[in-house]
Amino acid sequence: MTFLQQVKQSPDAWQVCLPLFARDPKPTEVVRHFCLEVLNIAVQRRFHQTDDQSLNYIRETLMDYVRRSYFTGSGAPDSAGIQNKLTQALTSLFVAMYTTTWGSFFDDMLTLTSSSSEANAQGTRDNYLGVVFFLRIVASVHEEVADVLVPHTMEEAQRNTQIKDVARERDVGKLVVAWQEILAQWNGSDKDVIEMCLKVIGRWVSWIDISLVVNEVLLGMLYNFILGESRVRDAAIETLANIVGKRMKGADKLELIVFLKLGDIVETLVNSPALQAHGQPTYDSELAEGVGKLVNNVTTDILRILNDDSLDMQVKQRAEEIFQPFVPFLLRFFSDEWDDVSYAVYSSMLDLLSLLRKEKRITGTLSHAHNLMLSPILNAIVLKAKYDEDTTWGGEDDDEADEAEFQALRKRLKTLQDTIAAIDEQLYITTLSNLIGTTFDRVAEGGVAAVDWREVDLAMYEMFLFGELAMRSGGMFNKGRPQGPAAETLISLMVKMMNSGATLRDQPCDGDSNSFIGIAVSSHPAIKLRYMETVVRYAAFFEVHSTYIPKALENFVGGVHDNHVRVRNRSWYLFFRFVKTLRQHIGEIAQEVLEAISDILVIRAELPQDAGGDEMSSDDTQNEDATFESQLHLFEAVGCLSSIKSIATEKQVLFVTTVMTPLFRNMENSLEAAKQGDARSVLQVHHIVMALGTLAKGYADGTPGLGASTPAPNELVVREFENASEVILVSLESLCNHPNVRDAARRSFSKMVVILGQKALPTLPRWLEGLLAENSTSEEILVFLRLLKQIVHGFKSEFCDILNSLLTPLLNKVFGSLGQEASGTDDEIQAAELRKEYLDFLLVILNNDLSLVLVSEANQPIFEQLIGTVQHFAKEVNDLPTSKLAFSVMGKMSIVWGPATGSAKEQTNGNLKEQPLPGFETFMIQRFSRLCWEVPAMPSFHPKDAQAKMVLGEIATLQNILYTKLGENFIQYLGTVYFPSVNLPQGLAEEYLVALRQMELKPFRSYFQVGIHVHAQCREMVLLMCGDCRNSFKESVEDNQFLFPLLLKMN
């Protein structure tokens, strides 16, 4: 392969490949294909070398071969693959030479179509091989120079425009005549040639003079072909559609539509037996799609005219007259049972509704003719959204691709439906409510089994969509009353649905009871899911009509036990959503619900099956994971039910222990085997830990801390969760070498701490030791830092002693992870995230008045390393967010640990409590201050960058803080020590120090940012100067206060 690639790239390889391809006897097809590929590359390299004699040589050799193979017909004909490749090479030659040295290109190709020169002169196109090759060539030429779907550079587009101009002037007329002669010659004898020729005409018509094609001879043949056999008929219809679709002025397009008698043609085709056999095997869907595209092109152009405000009113009136007869055709093909046919006219249907919406917006009403269109269009849209009669939903053999396509269709239909709702809201409400209500009435009267599941699904689907209109103002109710007519209609439909969805308990026990089963307990999985999705979507209905909650919950209990996997797993999530939203409206029935679902709270971990190399094994693993993830929603729902305020505390404890006790026993049985390395037991422990954490999340979902918005749980309940926390801790300590157990424990602890509050703090050292094992990843460390930030923010001083004891081991873990060398892009991203989390963790400590922890006796050994990491990260100019955070940390440290000011500026100190640290001013002056100049002077620091400007703002803030805390000592250090050490001129230094003294923070930030920005603009110029020029330039800018960083850089 490497050798072949080298041959292709060789500038001289074509000299070997050309004679090899054209020789007689012919080499193998593979060799000939490769030779043509090399030739094509060689020609394309010479596109701009029109005087290159090698192009003439290639042309003459290939044309000699073409005449031998396609004119005289000597030897076996080339395969389709060779013909395509040869066509490609000749097309490349055409592009390179047509406008300069090969003006006879089309004449040369046309000679191939006749068996002799006399026949060619008489217009007899009787050479089959030559005709087919000629049609291939002209099709390829169009694709290269005129196909709008093929991307081109600006230079190529200009070249193609020139080629088309020359072709229109010189050759298009004779080509059209030749196409007519080919159609006449081969009509009735070869359908392939007729089809090829018609497609060529359809493509070329987009960029040639329409009058050449719209003539009596060609149109007469087209009309005959349309009435002929299927393949030729379909090609003729496509050609006619392309003719109609040609861009032209509005008035001219209307004349063309009338001249072509398209209304009569479409009517004839619609009434043909092939399109009248609806639902029968003889129905020709390909013909329907072709006619649909023709109708689409006609109506799209007419609608474009109607939507053009610049056109004369008479033209628009004429367009309206021509459009009206096509409306029934548009509806007919849009309503076709084949989705491809419906999609063929989708764009024109969307254009029509957009036009009507514009008319309604501008005039406030619709014309009578336009108003009459809306109802049948809406009915067609709604019925099109129904599953086909041959669809079986939820079976093992169902095609997922077909389902995805149908859902995509529904999405497109929804766009149309929403447009109608915007045009005529009352029509939308009436039509949908009638459809939905009538279906529910039929179910209530005869049972859901008496109504086709597809009709019930359609009604439920439309009811689901109806909510977008009914709840667009922010909700279904306003102070307990419906929010408008749409909301009122939706509420009445919900009542109907709930009443039609009677539970099994409500049914008589006679032998015919199944006929009374309502929507909620339908046997069809699609209806079950639709019911539960609708109930969850309109949960606000149950807040007012709470009497229906028990019925809905009982139906959910049936759903969560369903035998259909897809229904069951989805219902677990929907059940949780329903319970979480309405937990305070559920009441005493919660105990009955918990008892009913207790059997599905059993956890059974299953290892991924070893498929022996089966490609589906990964999918199986994902399915098993998804099943457990769905089951976790049940535990969260149980937590929600257990926390209902109206339930007595004793019952809350009972609910929680009823779920926890089996999990504890299961944990005890699995832990010993897990310690021995049993993989299934380890996974079982992981699942139990996740379940306990999710139960806690459901009970009290919020943020930890004394100021948490969630009310503190009852002490008895807290005690039970303490037990759960201890169980998780024991499992973590036993299996801390398993990453999945650590991950589950970390997730669960973050939820437990919300309930346990301060009771969780003493156990934090054990959590730290277990969660941050020897093999902990950077991701685990940064996630733990995020958790600690929440705890610090929530508990503040209550957490001080615990934080003091675990800070050094924690930061040692962080430093160790940060010191590891990244081995790839993922590691680099992870390291950047960890740097930011570490700095943000320090900020949280400082902002919550826990800064003394960082300098306590226990943590003194790491203080220098801590300061060093902050300084180091400030220099990370390739990671500007980290650099900005580091400067922010230095600023907070300076505020808290710097000398007390007494009258510190509120803008810098904020609410931070000053806790002066003896000697810290040395860090501020000698280390922090220097970084303010060193970082902007780094070669890779680009002040124009938006993030760099934010870093500069943070640096300016730090300098302002340093002056606020250190006063004239800081000024004196800069003026007498630092600036002289970097040779900053005295005048410029004094200018800067005055600005630092006198400016408030906001203007000083702008001053500093502008100065650095000017430096960036001048930097390249300075670097290009010689030494003398640089010194002269330096002297000329000494008085410019905005160039101080530039002078620092120059020195």
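1. Helix α24 gives the most to the lining of the second largest pocket, supplying six residues. The structure is a predicted model, and the points below should be read as computed from that prediction. Helix α24 covers residues 400-423. Two other elements, α21 (339-344) and α23, each supply at least two residues of the lining as well.

2. The second largest pocket itself has a volume of about 1,000 Å³. Its lining consists of 30 residues, and those closest to the centre are E337, D339, D388, D390 and T391. By class, the lining divides into 15 charged, 10 nonpolar and five polar residues.

3. The largest pocket has a volume of about 1,300 Å³. It is lined by 44 residues, and K199, G202, R203, E238 and N242 lie nearest its centre. Five helices give two or more residues to this lining: α5 (80-97), α8 (128-145), α11 (191-204), α14 (230-244) and α18 (285-306). Of these, α18 gives the most, with nine residues. The class count for the largest pocket is 18 charged, 13 polar and 13 nonpolar residues.

4. Helix α23, already noted in the lining of the second largest pocket, also packs against α25. Helix α23 spans residues 368-384 and α25 spans residues 425-446; their axes are 11 Å apart and meet at an angle of about 45°. That angle makes α23 oblique to α25, because values between 35 and 65 degrees fall outside the roughly parallel and roughly perpendicular ranges. The crossing of α23 past α25 is right-handed.

5. On the α23 side, the contact with α25 is made by L374, S375, L378, N379 and V382, and on the α25 side by L427, Y428, T431, L432 and L435. Seven of the residues in this contact are nonpolar and three are polar, with no charged residue.

6. Helix α23 has a further packing partner in α22 (residues 346-363). Here the angle is about 135° and the axes are 12 Å apart. Helix α22 is therefore oblique to α23. In this case the crossing is left-handed.

7. The α22 residues in the contact with α23 are M349, L352, L353, L356 and E359, and they meet H370, M373, L374, I377 and I381 of α23. The classes here are eight nonpolar, one polar and one charged. L374 is listed in the contact with α22 and also in the contact with α25.

8. Towards the start of the chain, helix α2 (residues 14-22) packs on helix α3 (residues 29-45) at an angle of about 135°, with the axes 9 Å apart. This makes α2 oblique to α3. Helix α2 passes α3 in a left-handed crossing.

9. The residues of α2 that take part are W14, C17, L18, L20 and F21, which meet V31, R32, C35, L36, V38, L39 and A42 in α3. The contact of α2 with α3 has 11 nonpolar residues, one charged residue and no polar residue.

10. The loop between α2 and α3 holds P25. The peptide bond that joins D24 and P25 is cis, with omega at about 15°. A reader following the chain from α2 to α3 should look for the cis bond in the model at D24 and P25.

11. One backbone value is also worth listing. K479 has a positive phi of about 55°, although K479 is not a glycine. K479 sits in the loop between β1 (477-478) and β2 (481-482).

Key. Residues are numbered from 1 along each chain as its sequence is written. This is a predicted model: local features need pLDDT of at least 70, side-chain atom pairs count only at pLDDT 80 or more; totals for chains, interfaces and linings use all residues. Side-chain values use heavy atoms; hydrogens and water are left out. Axes are lines fitted to C-alpha atoms, for helices over the stretch in contact, and angles run from 0 to 180 degrees between N-to-C directions. Helices (H or I, at least four residues) and strands (E, at least two) are DSSP runs, numbered from the N terminus. Angles under 35 degrees count as roughly parallel, over 145 as roughly antiparallel, 65 to 115 as roughly perpendicular and the rest as oblique. A crossing is left-handed if the near helix is turned anticlockwise from the far one by less than a right angle, and right-handed if clockwise. Contact means heavy atoms within 4.5 Å. Ala, Val, Leu, Ile, Met, Phe, Trp, Tyr, Cys and Pro count as nonpolar, Asp, Glu, Lys and Arg as charged, and the others, Gly among them, as polar. On a 1 Å grid over the protein atoms alone, a cavity is a set of points where a 1.4 Å probe fits but cannot get out, and a pocket is an open set with protein on both sides within 12 Å along at least five of seven lines; lining residues have an atom within 4 Å of a point. Grid points are joined across faces, edges and corners, and a volume is the space filled by probe spheres set on the points.
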